[in-house]
Amino acid sequence: MTTSENDNVDRSPGAPDVATPRPETFPIVGIGASAGGLAAFEAFFSGMPPDADTGMAFVLVQHLAPDHKSMLSSLVSRYTRMRVQEVEDGMPIRPDCAYIIPPNRNMSVRGGALHLVEQDRQHGVRLPIDYLFRSLAEDQHERAISIVLSGTGSDGTLGTRAIKGEGGLTLAQSPDSTEFTGMPQSAIDTGMVDMVVAPNEMPARLLAYVERAWWNAAQPGAPAGAGNESGLRTVLALVKTHTGHDLSPYKPSTIVRRVRRRMAVLQIETMEAYARFLCGAPSELDALFYDLLIGVTSFFRDGPAFAALEEHVLPALFDGHGEDSMIRIWVPGCATGEEAYSLAILVQERLEERRRGPGMLIFATDIDSRAILHARTGVYPASITADVSPERLARHFTREPGGAYRISKNIRSSVIFSKQDVTRDPPFSRLDLIACRNVLIYMGAELQKRLIPLFHYALKPNGFLLLGMSETVGEFANEYTAVDRKARLYRRNLSPMPGRAAGPIGVSGPSSSPAPARVPTRPKHEVDSSLREIIERELLRHTSPVGVLVNLRGDILYLHGRTGQFLEPTAGAAGLNVLRMARDGLRPSLAGALETAAATQDIASRDPVRVGTNGSWTDVRVTVRPVRQERIGSHGADLFVVAFDEVPKPGSGAQADAEAPAGQATPQATDERVDALRRDVMAKEDRIRTLQEEMETSCEELQSANEELQSVNEELQSTNEELETSKEELQALNEELTTINAELHSSIVELSRANNDMNNLLAGTGIGTLFTDHDLRILRFTPPAAKVINLIPADVGRPIGHIASKLMDYSSLEADIQSVLDTLISKHIEVQTANGAWYLMHIRPYRTLENAIEGAVVTFDEITEMRKAREALRETQILRRMAPAIIDSRDPVILQDLTGQALAWNPAACSMYGWTEAEALELKASDRISAGTVQRELAALGGLNRGEALDPYAAERLCKDGSTIRVLVTATALVKDDGEVYGVASTERKLDT
């Protein structure tokens, strides 16, 4: 980063801001607001310094009606000395300026300029704040700053995540200072907001942050060096102690930027001071740790990658699995789960298309426990509509009451989230796909070299590896086949990774510096035997005793003969590569021959070249022969035999050497040396010519691609014109829909009120009610109806005939309802349940306001108490009619229940036996029967209780005074209408002794 002039200006805290030198690049602040935003904007710009420049640019976005003229420009201009202007398409961004979004436009930042596009109202949702913030993060990276002010909804949430992921600063208005808390609270809930303050306090916090993070860092004397490195090591050690995770293998530049950002937020000058602060601030250790994780993702991020998955991966996965198998996918670094759910949606949609297929299991892991918890809940803000199509929202999400979206149960059940550190914990195995995107770019080279072999181990043969757009498999290109280079999609080769044991990183681990020549996958004697047979066979064809067996990359698999004259180890990391080990003078010829043999799949030979060997020179001819139709299972690539032949010098020997004067080369030797140099030059010219032809071919391909892009651009321009034409029609339609929506909303309110009234009415009456349609299917019912018929909420939609009722001696409910529907004549039936309760059942047709019959209504009104009262009344009336005859009878008349307890006692009984009516009602039958006949009489009365007839019989009765009277007893059973015996009436006439 370069600085402007006057770098020697005082930057002490007391120095005036107006004299601060500014770098050519400057922070850009995006501010978004909706309802209540005008007051928040006013408070924000009121807090700006009135007499100093900020060195920042401010881009303001407010939710506006398409035809509404914005008041924001005039409002802001009253509170700031900055230039305030409404944005025009392509307007460059300058520091100390405020830019206002015009109505009915989305605004983005691209190449340091503002660009406008028509708003795309995706099924009614407009997200202009997210649109700006995302483009700001992509274009400005750590120079991006976002502020979310008052408003409803969740616009700005995803944009806040994006800016945080690029290392920018994020602020949100404190909820207690907002008129509408929806937008700022949604951003705060992500855990990605650095500062939560009131709008009038934001400018001071913002200027202090920029002062620390940018202007001081732009000075030549910015702190760096051994002390700073020592402080950084201390910081990482504290993070490791607090969290258990070692982040030192990550890229130092990324770590330093994130640490400096936290220092700027806290206004701390040096790394050592920040380390001291961390010692007593565990909450800041957590904040720094989560900052370093960079957990930013979204649904269906990077469209080409998901298109490549649909085109190449899904067909292969489904073709390679049966219905009883399982597709296994691993998503390391899943963050809050959007990518894992996106993959699950893709697989589920393909499964629904095929209607049958294998199961699906997705492992999604991350070291961020907060992100894992969020992913497990599966709830995302309404702003995901910018990334997920309406069709997928309808199929795979459910709308929550607050406007958020929850992932569907079948998608959620297919994803397993767990906390895992991919750099140290054992991986999953037997995987069909690993989607590790935008994780490796934050790691150092050594850590990447450990993870790529780890993924190779975890994948099945022919499994797929999907990386981020800025990531590759690097030096392990021979172990993977590129399926789609643009999308960074690779397929694992059949061979295990060279130089690693057959175990996970947590058990034996991949080598941190892989040796390409080691292939320990088969028993060593078997591998050596097969390789020796190949090279000996090829060397016999060539009649050469010395050679090496190599793969396409030049890695040596087997050595034959004394090769030290042609190859020697090189300084540096150990490795067996024939091109790196070639002696002086041999490499150009060897490389050209190997390349030619690989391209033509034929023998490639080069003219003898002079090779330096132990202080002398030897003429050597190199021949490369492809090993035809030979594939070793542990390599999976074509092999080549490189033969070295020493060419004898003409006239060589002691005599020729003796003829030459000491220290002087012979003419013949000079000519040979010239010929050798000429051959070297010709070989190099051939190599240059080959490279030039390849470059020309590439240029032709690029030119063809450019022409195709121009054609696509023309088509897009035509499409854009068509969209412009239809915009006005959509605008008019939108106004009509707005009016209709208001009317529908009013109707919904009225219907809701009527529905509430009806529910309260039905609940208040306590009457069981059941509604059915024409097909006798249950539409709804009230809870009291479940006391009569065994109903549960899941029975809605089932035929009434499938439901068991609790009614006794009544099984024609379905037939009676059908009869009412056929005749439109209501029915009223008294029914009894198994527990003895009685109900009056009414079956009536269900009539609409238009007098249309749309089913039947069955009500159950409990009449148990009414029936009891009616029965008691009937018995009372009977007794009233019988009372005169009983009272006036000259013979004793006694009524008793089935236990013998007296119920009634007439005056004649009082006169004959001496007990008053009150005293007699306390007696049982056994108290008045003589002891000698009590058992016989009770047995006779027992038969009467059972409904048996009993003839008049003579018996003895006890009187109150203890005397005995002989009487003629005529006993009769008292029977209800239903035949039940409930008592005995007896007439007892005195017999003469």
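In this predicted model, ring pairs join Phe299, Tyr341, Tyr380, Phe397, Tyr405 and Phe417 into a cluster. Across the structure, the count of aromatic pairs comes to 15. Two numbers describe such a pair: the distance of the ring centres and the angle of the planes.

Start with a pair outside that list of cluster members. The ring centres of Phe45 and Phe58 are 6.1 Å apart and their planes stand at 70°, so this pair is edge-to-face. Phe45 sits in helix H1 (residues 37-46) and Phe58 in strand E2 (residues 57-62), so the contact ties together parts 13 residues apart in sequence. Phe45 is buried, at 0% relative accessible area. Phe58 is also counted as buried, at 0% relative accessibility.

Now go back to the cluster. Tyr341 and Tyr380 have ring centres 6.2 Å apart and planes at 80°, so they too form an edge-to-face pair. Tyr341 belongs to helix H12 and Tyr380 to strand E13, so the pair ties together parts 39 residues apart in sequence. Tyr341 is buried, with a relative accessible area of 0%. For Tyr380 the value is 1%, again buried.

H12 and E13 turn up again around helix H13. This helix spans residues 369-377, and its buried residues are Ala371, Ile372 and Ala375. Viewed down the axis of H13, they fall within an arc of 100°, so they line one face of the helix. The spacing rule behind this is simple: an α-helix has 3.6 residues a turn, so residues three or four places apart point the same way. What covers the buried residues of H13? The cover includes helix H12 (338-354), strand E12 (359-366), strand E13 (379-380), helix H15 (409-412) and strand E16 (415-419).

Both ends of H13 have a local feature. At the start, a side-chain oxygen of Asp368 comes within 3.0 Å of the backbone nitrogen of Arg370. After the helix comes Gly378, with a positive phi near 70°.

Next, the nonpolar cores. In soluble globular proteins, nonpolar side chains tend to be buried together. Here the largest nonpolar core holds 45 residues, and Val259, Trp330, Ile434, Phe455 and Leu465 have the most contacts inside it. Elements that each supply at least two residues of this core include helix H7 (226-243), helix H8 (252-266), E12, strand E17 (431-436), helix H16 (445-458) and strand E18 (459-467). Take Ile434 as a probe of the packing. Leaving out residues up to four places away in sequence, Ile434 touches Trp330, Pro332, Phe455, Ala458, Leu459, Phe464, Leu465 and Leu466. A second, separate core has 43 residues, among them Leu314, Ile345, Tyr380 and Leu393. Tyr380 is thus a member of this core and of the aromatic cluster.

Ile767 offers another setting. This residue lies in the loop between helix H21 (667-765) and strand E27 (768-772). Is Ile767 buried or partly exposed? At 25% relative accessibility, Ile767 counts as partly exposed, because buried means under 20%. Beyond four places in sequence, Ile767 touches Leu762, Thr782, Pro784, Thr859, Phe860 and Asp861. Thr782 is 15 residues away in sequence, with a C-alpha to C-alpha distance of 8.0 Å.

Last, the cysteines. A disulfide is a covalent bond between the sulfur atoms of two cysteines. How many disulfides does a search of the whole structure find? The search finds zero. Cys334 is buried, at 2% relative accessible area. Cys910 counts as partly exposed, at 24%.

Conventions. Residues are numbered from 1 along each chain as its sequence is written. Side-chain values use heavy atoms; hydrogens and water are left out. Buried means under 20% relative accessible area, exposed over 50%, partly exposed in between (1.4 Å probe, protein chains only). Helices (H or I, at least four residues) and strands (E, at least two) are DSSP runs, numbered from the N terminus. The arc is that of the directions from the helix axis to the C-beta atoms. Contact means heavy atoms within 4.5 Å. A polar contact is a pair of N or O atoms within 3.5 Å; within protein, one must be able to donate a hydrogen and the other to accept it, and residues adjacent in sequence count only if both atoms are side-chain atoms. A disulfide is a pair of cysteine sulfur atoms within 2.5 Å. A nonpolar core is a set of buried Ala, Val, Leu, Ile, Met, Phe, Trp, Tyr and Cys residues joined through side-chain atoms within 4.5 Å. Rings of Phe, Tyr and Trp (its six-membered ring) pair if their centres lie within 6.5 Å; planes under 30 degrees apart count as stacked, over 60 as edge-to-face and the rest as tilted.
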